[in-house]
Number of protein chains: 2
Amino acid sequence: MQIIFKRNLFLSLLCMLFADFLAAQQPVEQWNRFEIELKHAYRGNSFHDIKLTAKFTNKDTSYLVDGFFDGNGIFKIRFMPEKTGTWTYVTSSNVNALNNRKGSFECIPASGRNHGIVRVSNIYSFKYADGKQYYPVGTTAYAWNHMSQETQQFTLQSLKNSGFNKVRMCVFPKEYNLVKEEPEIYPFVSTGMEKGPDGKERKSWDLSTFNPEFFRVLEKQIDELNKLGIEADLILFHPYDKGRWGFDSLSMDVNFKYIKYIVARLSSFRNVWWSIANEWDLVKYKTHDDWIALSKAVAAADPYHHLASIHGSTAKYIEYWLPCYTHASIQDEAPVMNWGAAAILRNAYQKPVIYDEVGYEGNLQSRWGRYSGEEMTYLMWMGAIGGTYVTHGEAFMFKDATDTIFWAKGGMFKGSSWKRAGFLRRIMEEAPGPLEMSDVSRDFKTASGGDGHYIIYFGKEINTYWDFNLPQKNGSFSRLTSGKKFKVEIIDTWNMTITSVSDVFETASVEDYRLFDKERKKIRLPMNPYLALRVTERKQ
Amino acid sequence: MQIIFKRNLFLSLLCMLFADFLAAQQPVEQWNRFEIELKHAYRGNSFHDIKLTAKFTNKDTSYLVDGFFDGNGIFKIRFMPEKTGTWTYVTSSNVNALNNRKGSFECIPASGRNHGIVRVSNIYSFKYADGKQYYPVGTTAYAWNHMSQETQQFTLQSLKNSGFNKVRMCVFPKEYNLVKEEPEIYPFVSTGMEKGPDGKERKSWDLSTFNPEFFRVLEKQIDELNKLGIEADLILFHPYDKGRWGFDSLSMDVNFKYIKYIVARLSSFRNVWWSIANEWDLVKYKTHDDWIALSKAVAAADPYHHLASIHGSTAKYIEYWLPCYTHASIQDEAPVMNWGAAAILRNAYQKPVIYDEVGYEGNLQSRWGRYSGEEMTYLMWMGAIGGTYVTHGEAFMFKDATDTIFWAKGGMFKGSSWKRAGFLRRIMEEAPGPLEMSDVSRDFKTASGGDGHYIIYFGKEINTYWDFNLPQKNGSFSRLTSGKKFKVEIIDTWNMTITSVSDVFETASVEDYRLFDKERKKIRLPMNPYLALRVTERKQ
């Protein structure tokens, strides 16, 4: 029986002798991972027979954390400290050898790009735990982690060069008419071949155990994303199986064990979000109530309450108001195709809304995968102006289904909207705070990002001029009054340019709910679509 | 002590002698009202000290119904039988004289225009209890019932001549800058004058009792609406008081007693809907949690589960998913001003959605009260095409605030959209069933009302031609296939005309999600806005 602190091989060896002493010497940054390794040879099912938890305590704060079996007689307990100072722990197990193991470590402040776990902030938006605002600008690569090593490297490189800070990805491999790649590794150990429900030969699995190596690979991928500052919006279940592996039709008992296991392994990864399912309603083998039960199981198992949601097919909503969902992860085009609709669901749910699928830029036959880059960019902006977030997606296929279609496989971006997503992120991050409609349900184009900070988006409209004018209402901020001076920048959301207008504008008094420039000044616009304005107050 | 069955004065007298015998002889139609009168002289507070309920039983069906004190030593118990056959009852009270009173009556099938209570049907829509579809086409006259007798008569006459089948109205009188009329009668008995919170003199009330006469007047008004086939969407609380009567700032104890009293009096009125509040969030004296508690109290008190909701100010949503709300009663323009947004909330809530305020046709300065008739009509159609319902409203003031502005006071319609509301109702009622989006989130203009029945609405678009084409998807109905023959009618929603196109169209095979006429026939359109098409299959 050994206790190993995996930071450094040399330290690990020393640990065998001075475990507790060294544990206290090995500082861990806030929201980084602390890991305990315990060895115990057990002849039965180490995954399910052995109960192992640890209680971590730092003054008046305690967490009860599940351990898990990592194969080869090794049990692990991982912990994400959220608070600096000394953490002590004590394990609890139904096996003597794993029970009452004690230790401690020092948690030091986060540094560098470590801003902590992302959480809901101010009802509709997100912040890192250190207080830095987080604006989700995500993309989708459902099965990038199941592709060849080369494709995986390309994907990480693509993401690194992009402005994305979230990626939707599946734990289980994906079978689809455009995605036929066989993964290298599986979450369960194969026991041979069997006849699937469709009569075809397929691998059979030992569903009583997991394949730890599969999860170690996934963890490495999530850590790679973390290095890039990208949140892994991890999809736990999906319908894209069609009897090929049978992972969509596991028994509920196995589903719950899988949840317990993956949450024990991954909840200490600060950049993990739980997406209970993609297109839950298309999974034939689970009922609506099964999904609610699985969602609650994830929330119950996760001591840190990572962001969690579930995602349906087009316009298929679920009870996003349940506490097990921190935000709404929606597939629906309607809220972002036309003016003013994005904010409606934000107002209804009183939670952050991410339109995680609104169609894809691409050249597929299917209507979901053939938007122009302009259209995809437009939809992202339409969501943003409503105080919500739209996830990007790209589906270009130039040869045949062996092409790396980014939507499922990752690889390299071939479209044009991915760059504009990064530009939109920049605009959001340059605002004092998250956008909200300035004059909700009346002015569908103007958003406030703080006192004296407005973004006006014209969408597909092509205008010659804009009369300087702003609504009196200003979202949750102070109403606009006369005598305020503003500068204006013209943002070309497609060409990604920001052009300052040299004039300074000054608000006159309120005229029918709006304030114009006192000299009725106007701005010449370049008569292109997809323009926005950034109107910022000049403090005197 | 007497038992009186109020149907007929002669019978009432006989009842004193042969109460139970006669009760059994006096048949009551399903969903009509059966009433027991009991007399008991009590020296204390008859409203609150005396508990009185009756259990009504018909075979395996039982209802426990609250009685109430109606003044002058008279207690009443009212019951709405939903099932034909013999109903027996027995009373229960903490006063011997009112306890264990028994009787029975015969419930006979409904006849004539009595279709029963309206309930939610098929998740998103409504039906009368007898199975007849109910499409809410409502208007608003918040305080018509507090106006002069003459105005009340005008209002009823206006409603009779309209196509409206629902009206929003308040129990408490309304104080607003455009509504200053003093009501003739109040829900509480005045005890003199006092200084209000604003320092002004106002009536003081004995809040420990109710004024039964006030409620009798309200009941008569609701019965008058019932005769016209109009549902009374009865608003129990509202913020339009401003210290004038103080009915917005009653203690929660009085609020709960008021709910118990009014529900006991009115739940046997089949055309009553409970609107817990109008603009609940603008009431200064109650918290969000108070509103939830009051909403639950209404649901708990009502043995018939009348339709119930609550209404906020613009874009102010509440937890409409709670079981105490049968539908969402929303104030928000955004869902009906632009394409495709109305259906979003229907999909999210999985309940019927009524946009009970989206602004008013009128000539007021306020932007909420100055739509054109065309705009009001447009908004009603935009809701309808999304499978939701939009309530009409009218706010014309030609002289000053003493004018009867229909929105608050009723009177006579002065606008143009009220007629179009009736026309829309006709179109809805001529469909086989409620409309739903044919191809949700993709085609924002086409709704299905059953197999082979489509309504296509063009809104403000002005088109020269329409190429016959329909989506393959058909909501919850069978997908459209080739070889189906259709006739087309052009509906002018503004001019209220329906023009048949003489051609017959036949669907070709599916072409990129849609089916065109096999000869690619098109229809010449009259180049007006606000047109719709009704496309109906010709069965061979």
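**Exercise 1. Identify the bridge partner of B:Lys485 in β31(B), and describe the pairings of β29(B).**

Solution. Step 1: B:Lys485 is bridged to B:Glu506 of β31(B). This is a predicted model, in which local features need pLDDT of at least 70, side-chain atom pairs count only at pLDDT 80 or more, and totals for chains, interfaces and linings use all residues. Residues are numbered from 1 along each chain as its sequence is written, while chains are lettered from A and ligands numbered from 1 in the order in which they are written.

Step 2: Strand β29 (residues 485-492) of chain B pairs with strand β31 (residues 505-506) of chain B over two bridges in the antiparallel sense. Strands here are DSSP runs of E with at least two residues, and helices are runs of H or I with at least four, numbered from the N terminus; two strands pair if DSSP finds at least two bridges between them.

Step 3: β29(B) also pairs with strand β34 (residues 531-537) of chain B, antiparallel, over seven bridges. There B:Asp492 has B:Leu531 as its bridge partner.

Step 4: Strand β30 (residues 497-500) of chain B is joined to β29(B) by four bridges, again antiparallel. In β30(B), B:Asp492 is partnered by B:Thr497. The hairpin of β29(B) and β30(B) has four residues between the strands, and B:Met496 takes a positive phi near 60° in that hairpin.

**Exercise 2. Determine which residue takes a positive phi in the hairpin of β5(B) and β6(B), and establish the pairings of β6(B).**

Solution. Step 1: Strand β5 (residues 61-69) of chain B runs antiparallel to β6(B), with three bridges between them. B:Gly67 is opposed by B:Ile77 of β6(B) as bridge partner.

Step 2: Four residues lie between the strands of this hairpin, and B:Gly71 has the positive phi, near 85°.

Step 3: Strand β3 (residues 34-39) of chain B is joined to strand β6 (residues 74-79) of chain B by six bridges, in antiparallel fashion. The partner of B:Leu38 in β6(B) is B:Phe75.

**Exercise 3. State the strand order, pairing sense and edge strands of two open sheets in chain A.**

Solution. Step 1: Strands of a sheet pair through backbone hydrogen bonds, either parallel or antiparallel.

Step 2: One open sheet of three strands follows the order β9-β10-β11 (chain A) with antiparallel pairing. Its edge strands, each pairing on one side only, are β9 (118-121) and β11 (133-134) of chain A. β9(A) is joined by four bridges to strand β10 (residues 125-128) of chain A, where A:Tyr128 is the bridge partner of A:Val118.

Step 3: Another three-stranded open sheet has the order β19-β20-β22 (chain A) and parallel pairing. At its edges are β19 (328-331) and β22 (389-390) of chain A, each of which pairs on one side only. Four bridges link β19(A) to strand β20 (residues 353-357) of chain A, and A:Ala328 stands opposite A:Val353.

**Exercise 4. Characterise the packing of α8(A) against α10(A).**

Solution. Step 1: Two packed helices are described by the angle between their axes and the distance between the axes. Axes are lines fitted to C-alpha atoms, for helices over the stretch in contact, with angles from 0 to 180 degrees between N-to-C directions.

Step 2: Helix α8 (residues 373-385) of chain A and helix α10 (residues 417-430) of chain A have axes that come within 9 Å and cross at roughly 20°. Therefore α8(A) is roughly parallel to α10(A) (angles under 35 degrees count as roughly parallel, over 145 as roughly antiparallel, 65 to 115 as roughly perpendicular and the rest as oblique).

Step 3: The crossing is right-handed, that is, the near helix is turned clockwise from the far one by less than a right angle.

Step 4: Residues are in contact if their C-beta atoms, placed from the backbone, lie within 7 Å. From α8(A), the contact includes A:Met376 and A:Trp381; from α10(A), it includes A:Arg420 and A:Leu424. The contact residues comprise seven nonpolar, three polar and one charged (Ala, Val, Leu, Ile, Met, Phe, Trp, Tyr, Cys and Pro count as nonpolar, Asp, Glu, Lys and Arg as charged, and the others, Gly among them, as polar).

**Exercise 5. Describe the side of chain A that touches chain B.**

Solution. Step 1: The contact takes 24 residues from chain A and 24 residues from chain B.

Step 2: On the chain A side, α7(A) gives the largest share, five residues. By class, this side has 14 nonpolar, five polar and five charged residues.

Step 3: For the complex, the predictor gives an ipTM of 0.93 and a pTM of 0.94.

Definitions and conventions:
Two residues are in contact if their C-beta atoms, placed from the backbone, lie within 7 Å.
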